[in-house]
Amino acid sequence: YLMRADVMADRPLVHRVVHEADAARWLRHDSSARLEAHGETADRRRWIVVARPTGRALAELLGRGRITGRGVVRLANPLVEALSEAHAVGLVHGRLTPAVVTVTSAADSATGPRVMVAGLGVSTLAFDPDIAGADRAYAAPEQLEGKEPTVRSDVFGLASVLYHALVGAPPPEGGVGTATLPPGAPPELASALAVLATARAPEAQRRHASVKAFWED
């Protein structure tokens, strides 16, 4: 990835990219896509190299419909662990969507299917444009307002991805404060949706303080 030319004059952001890239290289969880190297070009534009996970994007798999509760547990456990490791060293993802989660096939790994998440510990503002329309349903309200993402923004993003997996459709944009069961959703999802509603609250302070607290709930 090559840093956008229009942000090169933002020295605090450039320094943040370097700091996060250094920190990201210490991430060890198997579900974190590896940041292999970083540096700068002759014209001092920062670049990073991230390992590309093999497998299918979760977005592609969700195109076939909802995932069972047991399947969501297998999906969420490694994501929670990887995000918790990143948060512990001061890194925030900020762009959690089904497109950045990859699921390998059992044939690709001796230990069975694996879940990988790309983008941990990289200041996406420096490399990507503003949040695209397709991603807005997974972005916390404060991010849509242009504010910096926090750990609670990642709680919102993870809950939004799991909502899509359980229900079979993207969540309502902008956060929900209720746990209304969508039409056609299995009744047994009501209790899970109540937790997701808290994690997707429009106000960050109303959400769980960490992804582990959310997942335990």
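**Close-up views of a predicted model**

The protein exposes about 10800 Å², and carbon and sulfur atoms supply 55% of that (Shrake-Rupley areas with a 1.4 Å probe; for residues, only the protein chains shown count as cover). This is a predicted model, in which local features need pLDDT of at least 70 and side-chain atom pairs count only at pLDDT 80 or more, while totals for chains, interfaces and linings use all residues. Residues are numbered from 1 along each chain as its sequence is written, and side-chain values use heavy atoms, with hydrogens and water left out.

**View 1. The whole chain, with 7 helices and 5 strands.** Helices (H or I, at least four residues) and strands (E, at least two) are DSSP runs, numbered from the N terminus. Read along the sequence, they follow the pattern α-β-β-β-α-α-β-β-α-α-α-α. Of the 217 residues, 46% count as buried (under 20% relative accessible area with a 1.4 Å probe, protein chains only; exposed is over 50%, partly exposed in between). Take the contacts (heavy atoms within 4.5 Å) with a separation of 6 or more: 66% of them come from residues 24 or more positions apart.

**View 2. Helix α1 and what it packs against.** Helix α1 covers residues 11-24, and its 14 residues should span 20 Å at 1.5 Å a residue (1.5 Å times one less than the number of residues). The end C-alpha atoms are 20 Å apart, so that agrees. Leu13, Val14, Val17, Glu20, Ala21, Ala23 and Ala24 are the buried residues here. An α-helix has 3.6 residues a turn, so residues three or four places apart point the same way. The buried residues of α1 pack against β1 (35-40) and β2 (46-50).

**View 3. The β1-β2 hairpin and its turn.** β1 and β2 run antiparallel and are joined by 5 bridges (two strands pair if DSSP finds at least two bridges between them). Gly39 has Trp47 of β2 as its bridge partner, and His38 stands opposite Ile48 in β2. The hairpin has 5 residues between its strands. Arg44 sits in the loop between β1 and β2. What is there to notice about the phi of Arg44? It is near 70°, a positive value in a residue other than glycine. Most residues other than glycine have a negative phi, and most peptide bonds are trans.

**View 4. The open sheet of 3 strands.** The strand order is β3-β4-β5, with antiparallel pairing. β3 (56-57) and β5 (115-117) are the edge strands, each pairing on one side only. β3 pairs with β4 (residues 101-103) in the antiparallel sense over 2 bridges, and Ala57 stands opposite Thr102 in β4. Helix α3 (residues 69-88) packs on this sheet, touching β4 and β5. The direction of α3 makes about 40° with that of β5 (axes are lines fitted to C-alpha atoms, for helices over the stretch in contact, and angles run from 0 to 180 degrees between N-to-C directions).

**View 5. The largest nonpolar core, with 32 residues.** A nonpolar core is a set of buried Ala, Val, Leu, Ile, Met, Phe, Trp, Tyr and Cys residues joined through side-chain atoms within 4.5 Å. The residues with the most contacts inside this one are Leu75, Leu79, Leu158, Leu162, Leu196 and Phe214. Each of α2 (58-62), α3, β4, β5, α5 (151-167), α6 (190-199) and α7 (211-216) supplies at least two residues. Which element gives the most to this core? That's α5, with 9 residues. Leu79 touches Val101, Val115, Val117 and Leu158, not counting residues up to four places away in sequence. A second, separate core has 7 residues, including Ala21, Ala23, Ala24 and Leu35.

**View 6. Leu166 of helix α5.** Leu166 is buried, with a relative accessible area of 10%. Leaving aside neighbours within four places in sequence, Leu166 is in contact with Arg66, Ile67, Gly69, Val72, Leu189, Ala192 and Leu196. One of these stands out for a look along the chain: Ile67 is 99 residues from Leu166, and their C-alpha atoms are separated by 5.6 Å.

**View 7. Helix α6 and its cover.** Leu193, Val195, Leu196, Ala197 and Ala199 are the buried residues of α6. What covers them includes α5 and α7.
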